[in-house]
Amino acid sequence: MTVQDLEKIFLQKIENEIKIEPRDWMPDAYRKTNIRQISQHAHSEIVGMLPEGNWITRAPTLKRKAILLAKVQDEAGHGLYLYSATETLGITREETINDLHSGRAKYSSIFNYPTLTWADIGAIGWLVDGAAIMNQVMLTRTSYGPYARAMVRICKEESFHQRQGFEILLVLSRGSKEQKEMCQDAINRWWWPALMMFGPHDKESTHSDQSMKWKIKRKSNDELRQNFVDMIAEQIKVLGMKLPDEHLQWNEEKKHYDFGEINWEEFWNVVKGNGPCNKQRLDARRKAWEEGEWVREAAATYAEKRNKRQAAA
Ligand code: FAQ
């Protein structure tokens, strides 16, 4: 079969909504873009544990601590499913992780902001997990099979995360004057970075066109961002708080909320490594990797011995 024949079969599968599986032929660029997106997604889940992990020892009650601990563990699980999905594309976990540690691979800009108060944990659950779900529900239908299947499970867990975040803020919004202020302050600081999670405007997005054709992405960055604004602009009414955007207004004609412009200079600065916590986050990940070396060695030695035993039996 010629490459043209193989490409035709590949495109027919995409057209007919048949998932592309690891052993199927795929264009090199399709493989590369999936490696890029899935590994960056995995890194985001793993780095994303850090801002919240910061509050595990300081959660206000035992129950809150247990919930937060479970949430952070879920994020670790998401990272691991996604690293496994990346490996099915022919890249090793070591290579992928090395790309993160060397600064070659990106992870979501959002995780470079600090968590200053307990209300930030609520804001992360509600806004950050909320934005993540908006994007990931679309990804349950992505064309690469292992990624789509990982996303189904991840989305179920993210829904719980979003609700627990909203509930934290709901309690604060009904609390003392100080608690209400803390709630509003966290919303003010997380709102714009949450909108940045969806990436640049469609016209600035380098990968969107091709990713939409290959059905890796099903909705554009701006479309998802708009859906998110429409959802949050309604939910915030329950909290009795305000989104920090003077341009936010319902547009009856478009049946959507209008909203202000993102500070793109800030976005690109954070993406390029100059956000408030970029250095701290990468240092923490590199340290964890170095300190975990003995665990990897022990697991590999055990697996080797077991394989030898099984081969001899
Ligand atoms: N941050 O051409 P596009 C979570 C980069 S998981 C940093 O539009 P694409 C769970 C982009 O990589 C959150 N970089 O790119 C959780 C590209 O650079 P490259 C993560 C960004 O791929 C919750 C360049 O800009 N979710 O939160 C960002 O078509 C709570 C041009 O952009 C995913 O990763 C950004 N925000 O669309 C965990 C979902 N935006 O790679 C813990 C999967 C763009 O050429 C606690 N990913 N860039 O060097 C996607 O859906 C897509 O990759 C987009 C970007 C939508 C993020």
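Which helices each supply at least two residues of the shell around the ligand? The points below answer this question and then turn to the pockets and the cavity of what is a predicted model.

1. Helices around the ligand. Five elements meet the criterion of at least two residues each in the shell: α2 (28-47), α4 (62-87), α6 (118-139), α7 (145-173) and α11 (264-274). The shell as a whole comprises 36 residues, and Lys106, Ser205, His207, Lys217 and Asn221 are the closest to the ligand.

2. Composition of the shell. Sorted by class, the residues surrounding the ligand are 13 nonpolar, 14 polar and nine charged. Lys106, one of the closest residues, is also a polar partner: a polar atom of its side chain is placed 2.5 Å from a ligand oxygen atom.

3. Backbone contacts and burial. Two methionines approach ligand nitrogen through their main chain. For Met196, a backbone N or O atom is 3.2 Å from a nitrogen atom of the ligand; for Met197, a polar backbone atom stands 3.4 Å from a nitrogen atom of the ligand. The ligand alone would expose 1,100 Å², and the protein buries 92% of that area.

4. The site as a pocket. The ligand occupies the largest pocket of the model, which holds about 1,000 Å³ of space. The lining of this pocket numbers 42 residues, with Gln40, Ser108, Met197, Phe198 and Gly199 nearest to the centre. Met197 therefore appears in two roles, as a residue nearest the pocket centre and as a backbone partner of the ligand, a pair of N or O atoms within 3.5 Å being a polar contact.

5. Elements and classes in the largest pocket. Two or more lining residues come from each of α2, α4, α6, α7, α10 (221-239) and α11. Helix α6 provides the largest share, with nine residues. In the lining of the largest pocket, 17 residues are nonpolar, 15 are polar and 10 are charged.

6. The second largest pocket. A volume of about 360 Å³ is computed for this pocket. It is lined by 16 residues, and those closest to its centre are Leu80, Tyr83, Ile97, Arg285 and Trp289. Helices α4, α5 (93-101) and α12 (278-291) each give two or more residues to this lining, and α5 contributes the most, namely five. The class count for the second largest pocket is nine nonpolar, two polar and five charged residues. Helix α4 thus deserves attention in both pockets, since two or more of its residues enter the lining of the largest pocket and two or more enter that of the second largest pocket.

7. The cavity. The model has one cavity of 30 Å³ or more, and the space within the largest cavity is about 30 Å³. Its lining consists of Lys13, Ile14, Glu17, Ile18, Lys19, Arg141, Ser143, Lys215 and Arg218. Of these lining residues, six are charged, two are nonpolar and one is polar.

Technical notes
Residues numbered from 1 in each chain as written. Predicted model: local features only at pLDDT ≥ 70, side-chain atom pairs only at ≥ 80, totals over all residues. Heavy atoms only, no water. Near = heavy atom within 4 Å. Polar contact = N/O pair within 3.5 Å; in protein donor to acceptor, adjacent residues only side chain to side chain. Areas by Shrake-Rupley, 256 points an atom, 1.4 Å probe, with all protein chains shown as cover. 1 Å grid on protein atoms, 1.4 Å probe; cavity = no way out; pocket = protein on both sides within 12 Å on 5 of 7 lines; lining within 4 Å. Sits in = over half its atoms within 2 Å of the grid points. Helix = DSSP H or I, 4+ residues; strand = E, 2+ residues; numbered from the N terminus. Nonpolar A, V, L, I, M, F, W, Y, C, P; charged D, E, K, R; others polar. Points joined across faces, edges and corners; volume = space filled by probe spheres on them.
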